[in-house]
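Visitor: Could you take me through one part of this protein slowly, and show me how that part sits within the whole?

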Amino acid sequence: MLCSLAPPAHADTTILNASYDVTRELFKDINPAFVAEWKKSTGETVVVNQSHGGSSKQARSVIDGLEAAVVTMNQANDIDILAEKGLVATDWPKHFPNGAAPFYSTMVYLVRKGNPKQIQTWEDLAKPGIKVIVPNPKTSGNGRYTYLAAWGSVIKSGGSEAQARSLVEHLFKNVPVLDGGGRGATTTFTQREIGDVLVTFENEVQLVRQEFGNNFEVVYPPVSILAESPVAVVDKVVNKQGNRKQATAYLQFLYSEAGQEIIARHYLRPRSEAAAKKYAASFKPIRLFTVDEVFGGWKQAQKVHFDDGGEFDKIFQAKK
């Protein structure tokens, strides 16, 4: 889905941001703020267009020819794939601060009012009779983080790999439908009214609560995964379009105090200490672990769990 977020007339430069599903509202605020700032500092009019979908689907779209000047994904793996294809610099994490991740989130639960199934932990999601809404880990970073969060919660509690696998296997047996991305999963849970619990990013559950009022409650598990949102300039595209300067400035804007303020307002955890302090009430303290410390990094996690024939495929085939 493409949508223009600035007037197209007489534009000097256009850039396309290929992003993941649940950042639609964020970039509706980021883009005009950047456009105004760029106009003020350079006199140039920039149009920023958006493309949204499951993070891994978006990476595939860029590989298949979607001419995105920048990518703003929800996992490093989806940018690494672009680097392997020669679209993005191999050292892309060094091009911006914080490993090129200007904000981060974590996976939490959205339950129906009153939490009738008393869901509190990752183990609860694996219990018989619980319907869990999670997008497909093969196409969605959201689904991938959920899978890894559940697996890692067992390891961080002193459990074995076999116990972790068992929990994830039982969790996915409880998933009645696998949507392609996080926003589709949210629609399934909130509007189609399927499931007892939606597992999704912290910012997404807060947006749902804003929209639907008191119909839902947010539950924080005792431990969850650190979900960083990395960004990169797509070298092959900006070299062709001649908009590297604008694309780079756009991603740098995400690190500015103005950008970090918008990010925090959208319930994404900012890097800026000032923004984090100002919006501290929005972010409940939670024990987080990283993909690196439990799974040996994204490349290893991808190979073991999500590549064709990996652990997820085996688990999903067993479900059938």
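Guide: What follows looks at one residue, E311, and then at the whole protein.

This is a predicted model, in which local features need pLDDT of at least 70 and side-chain atom pairs count only at pLDDT 80 or more, while totals for chains, interfaces and linings use all residues. Residues are numbered from 1 along each chain as its sequence is written, and side-chain values use heavy atoms, with hydrogens and water left out.

E311 belongs to helix α16, which covers residues 311-319; helices here are DSSP runs of H or I with at least four residues, strands are runs of E with at least two, and both are numbered from the N terminus. E311 counts as buried because its relative accessibility is 18%, and buried means under 20% relative accessible area, exposed over 50%, and partly exposed in between, with a 1.4 Å probe and protein chains only. If its neighbours within four places in sequence are set aside, E311 is in contact with Y147, W151, R165, V304 and H305, where contact means heavy atoms within 4.5 Å.

Turning to the whole, the protein has 16 helices and 14 strands. Its radius of gyration, taken over C-alpha atoms, is 19 Å, close to the 20 Å that the globule rule (2.2 Å times the number of residues to the power 0.38) gives for 320 residues, so the protein is as compact as a globular protein of that length. Buried residues make up 57% of the 320 residues, and of the contacts between residues at least 6 apart in sequence, 75% join residues at least 24 apart.
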